[in-house]
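Biologist: I should like to learn how a model of this kind is read. May we go through it together, one feature at a time?

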Amino acid sequence: MLEWYSDNKLQICFDDIPRIGIRYILPTLSNDEKKIIKKYPFINKKNLQVKLLDKEKNKTYEFCIPKGYCFDGASVPRFFWRVIGSNTDNKFLLAALIHDVLCENHHYVDNDRKFSTKVFDSLLKAGGVGSVKRFFMKNSVDIFQHFCCNWKENKKW
């Protein structure tokens with residue numbers, strides 16, 4: 001496993017260098033296919049084994065992101081692009097990939113919303129995102145998850 005990020009709270013490892021690609025709209029695609037690609041323009045190009053170590057709880061989480069998994073990049077509203085950057089900024093893509101997978105499969109981290117936010121923040125840091133932008137992105141994601149997502153049946157998430 002490749003250690004991608006590590007500090008005193010968590011460690012993030014991958015079995016190989018992540019490969020993220022862009023899906024292109026081709027003239028031969030149907031209108032429905034074009035809409036899907038516009039909504040989810042990024043694709044995980046190979047199976048990616050992920051290992052997350054929560055050092056504070058001494059828990060290890062492992063899961064695989066399948067080749068072909070599509071996602072939308074960072075969910076940065078256009079209004080904030082001047083301040084934070086666009087959703088297609090390559091500094092955000094790996095963090096967005098892992099976070100989207102965790103949001104869709106929160107059982108991967110025992111429904112621990114705060115840990116998934118730490119993972120997101122750490123991947124942004126590893127990607128070279130500055131502390132002010134990370135602060136706003138991390139807190140925006142955490143607030144959105146807390147109030148807007150349909151995970152009410154689980155107290156942790």
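Biologist: Let us begin with a single residue: is Asp 16 buried, partly exposed or exposed?

Modeller: The general idea is to express accessibility as a relative area; buried means under 20% and exposed over 50%, with partly exposed in between. Asp 16 has a relative accessible area of 26%, so Asp 16 is partly exposed. Please keep in mind that this is a predicted model.

Biologist: With which side chain does Asp 16 meet in a salt bridge?

Modeller: The partner is Lys 46, and the N to O distance is 2.3 Å. Asp 16 lies in the loop between S2 and strand S3 (20-22), and Lys 46 in the loop between strand S4 (42-44) and S5, so the salt bridge ties together parts that are 30 residues apart in sequence. Lys 46 also counts as partly exposed, at 25% relative accessibility.

Biologist: How many salt bridges does the structure hold?

Modeller: There are five. One of them joins Lys 118 and Glu 56, whose closest N and O atoms are 2.6 Å apart. Since Lys 118 lies in helix H3 and Glu 56 in the loop between S5 and S6, this pair ties together parts that are 62 residues apart in sequence. Both residues are partly exposed: the relative accessible area is 29% for Lys 118 and 48% for Glu 56.

Biologist: Which residue forms a salt bridge with Asp 110?

Modeller: That residue is Lys 59, with 3.1 Å between the closest N and O atoms. Here too distant parts of the chain are linked: Asp 110 is in the loop between H2 and H3, Lys 59 is in strand S6, and the two are 51 residues apart. Lys 59 counts as partly exposed at 30% relative accessibility, and Asp 110 is partly exposed at 33%.

Biologist: I now turn to the backbone. What is the phi of Asp 110?

Modeller: The angle is positive, about 50°, although Asp 110 is not a glycine. The loop that holds Asp 110 runs between helix H2 (90-104) and helix H3 (113-126). Asn 58 likewise has a positive phi, near 55°, and is a residue other than glycine. Asn 58 lies in the loop between strand S5 (48-54) and strand S6 (59-65). With a relative accessible area of 67%, Asn 58 is exposed.

Biologist: How does one read the pairing of strands, and in which sense do S1 and S2 pair?

Modeller: One looks at the bridges between them. Strand S1 (residues 2-6) pairs with strand S2 (residues 10-14) in the antiparallel sense, over four bridges. Among the bridge partners, Ser 6 is matched with Gln 11 in S2. The two strands form a hairpin, with three residues between them.

Biologist: Which residues make the nonpolar surface patch?

Modeller: Leu 2, Trp 4 and Ile 17 make a patch of about 240 Å². Trp 4 belongs to strand S1 and is partly exposed, with a relative accessible area of 34%.

Biologist: How far apart are Lys 67 and Lys 46 in sequence and in space?

Modeller: They are 21 residues apart in sequence, yet their C-alpha atoms are 4.2 Å apart in space. Lys 67 lies in the loop between S6 and strand S7 (70-71). Beyond its neighbours within four places in sequence, Lys 67 is in contact with Asn 44, Lys 45, Lys 46 and Asn 47. Lys 67 is exposed, with a relative accessible area of 60%.

Biologist: In what order do the elements of the protein run?

Modeller: From the N terminus on, the order is β-β-β-α-β-β-β-β-α-α-α, made up of four helices and seven strands. Of the 157 residues, 41% count as buried. Among contacts between residues at least 6 apart in sequence, 59% join residues at least 24 apart.

Biologist: Finally, where does pLDDT stay under 50?

Modeller: It does so over residues 151-157, for which the model has 18 contacts beyond four places in sequence. Where pLDDT is low, the predicted coordinates should not be read in detail. For the protein, the mean pLDDT is 86, and 82% of the residues reach 70 or more.

Terms used. Residues are numbered from 1 along each chain as its sequence is written. This is a predicted model: local features need pLDDT of at least 70, side-chain atom pairs count only at pLDDT 80 or more; totals for chains, interfaces and linings use all residues. Side-chain values use heavy atoms; hydrogens and water are left out. Two strands pair if DSSP finds at least two bridges between them. pLDDT is the predictor's confidence in each residue, from 0 to 100. Contact means heavy atoms within 4.5 Å. Patches are made of residues with over 30% relative accessible area and no salt bridge: like charges are joined within 9 Å, nonpolar side chains (Val, Leu, Ile, Met, Phe, Trp, Tyr) within 5 Å. Accessible areas come from the Shrake-Rupley method with a 1.4 Å probe; for residues, only the protein chains shown count as cover. A salt bridge is a side-chain nitrogen of Lys or Arg within 4 Å of a carboxyl oxygen of Asp or Glu. Buried means under 20% relative accessible area, exposed over 50%, partly exposed in between (1.4 Å probe, protein chains only).
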